[in-house]
Amino acid sequence: MAMKKTYFFVFLFIILGGIYFAFQENFSDSLFSKFQNKPLKDSEKFAVHIHPHLEIEILGKTQVIPAGIGLSQSFHESIHTHDLSGEIHVESPVLREFYLSEFFSVWKKSFNETCIMEYCIDENHTMSFYVNEVKSDHYGSLLLRDLDRIKIIYQEKNR
Ligand SMILES: [Zn+2]
């Protein structure tokens, strides 16, 4: 009887030990990945943190996209700019999708298939829209993705 009990405990010990080591391995893995990049990167503070790049060319001139779009003393929009590089910061504690039209509404400029800011297509002018150098017809409905290079070109026809 005592022998049986001993076997049982040895058996239990091996099982529990196995479970313990399995968990410990996962645990230390996740601890390692959590702390290997100290201090915490910005990207870990937000559910969404992406940086698409926007360039706007109007009649041959690159438009300056100002720094500080979406940033004020009292409130930071999820979509904003920090500098003149054309980098759009999308930083949100809430996991959801963001669209290019949202950047333009934060900026308070118009953008759709016919107009970019106050420049609209007419018999002499056209507009093209590129994502990573590939022509796109998404315009404002473009889903913003990290590091995508978005380019809007408004120009005279036949040029
Ligand atoms: Zn950012």
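Helices and strands here are DSSP runs, helices of at least four residues and strands of at least two, numbered from the N terminus. With that settled, the order of elements along the protein chain reads α-β-β-β-β-β-α-β-β-β-β-β. That comes to two helices and ten strands. Please keep in mind that this is a predicted model.

Some overall numbers before the details. The protein chain has 159 residues, and 13% of them count as buried. If you take the contacts with a separation of 6 or more, 60% are between residues 24 or more positions apart.

Let me start with the second helix, H2, which covers residues 100–107. Which of its residues are buried? They are Leu-100, Phe-103, Phe-104 and Trp-107. These four cover an arc of only 95 degrees around the axis, so they sit on the same side of H2. What do they pack against? The buried residues of H2 pack against strand S4, residues 79–80, and strand S10, residues 149–156. For one residue in particular, Phe-103, the contacts beyond four places in sequence are with Ile-79 and Ile-88. Just after the helix comes Lys-108, which has a positive phi of about 65 degrees.

Now the core. The largest nonpolar core has 16 residues. Among those with the most contacts inside it are Leu-100, Phe-103 and Phe-104, and the list also includes Leu-54, Ile-56, Ile-88 and Ile-116. S2, H2 and S10 each supply at least two residues of this core. The largest share comes from H2, with four residues.

On to the strands. S1, S5 and S4 form an open sheet, in the order S1-S5-S4, with antiparallel pairing. Strand S1, residues 48–50, and S4 are at the edges with a single partner strand each, and therefore one side of each has no neighbour in the sheet. S5 covers residues 89–92, and two bridges join S4 to S5. Here His-80 stands opposite His-89 in S5. The pairing of S1 with S5 is antiparallel too and runs over three bridges. One pair to look for there is His-49, whose bridge partner in S5 is Glu-91.

That brings me back to S10, the strand that H2 packs against along with S4. How many bridges join S10 to strand S2? There are six, and S2, residues 53–58, runs parallel to S10. Strand S8, residues 125–131, pairs with S10 in the antiparallel sense, over seven bridges. If you want a residue to click on, take Tyr-154. In S10, Tyr-154 is the bridge partner of Ile-58, and Met-127 also stands opposite Tyr-154. As background, side chains in a regular strand alternate between the two faces of the sheet.

To finish, I would look at H2 with its buried residues Leu-100, Phe-103, Phe-104 and Trp-107, and then at S4 and S10, against which those residues pack.

How values were computed: Residues are numbered from 1 along each chain as its sequence is written. This is a predicted model: local features need pLDDT of at least 70, side-chain atom pairs count only at pLDDT 80 or more; totals for chains, interfaces and linings use all residues. A residue is buried if 20 or more other C-beta atoms lie within 10 Å of its own, exposed if 12 or fewer, and partly exposed in between; C-beta atoms are placed from the backbone. The arc is that of the directions from the helix axis to the C-beta atoms. Two residues are in contact if their C-beta atoms, placed from the backbone, lie within 7 Å. Two strands pair if DSSP finds at least two bridges between them. A nonpolar core is a set of buried Ala, Val, Leu, Ile, Met, Phe, Trp, Tyr and Cys residues joined through C-beta atoms within 7 Å.
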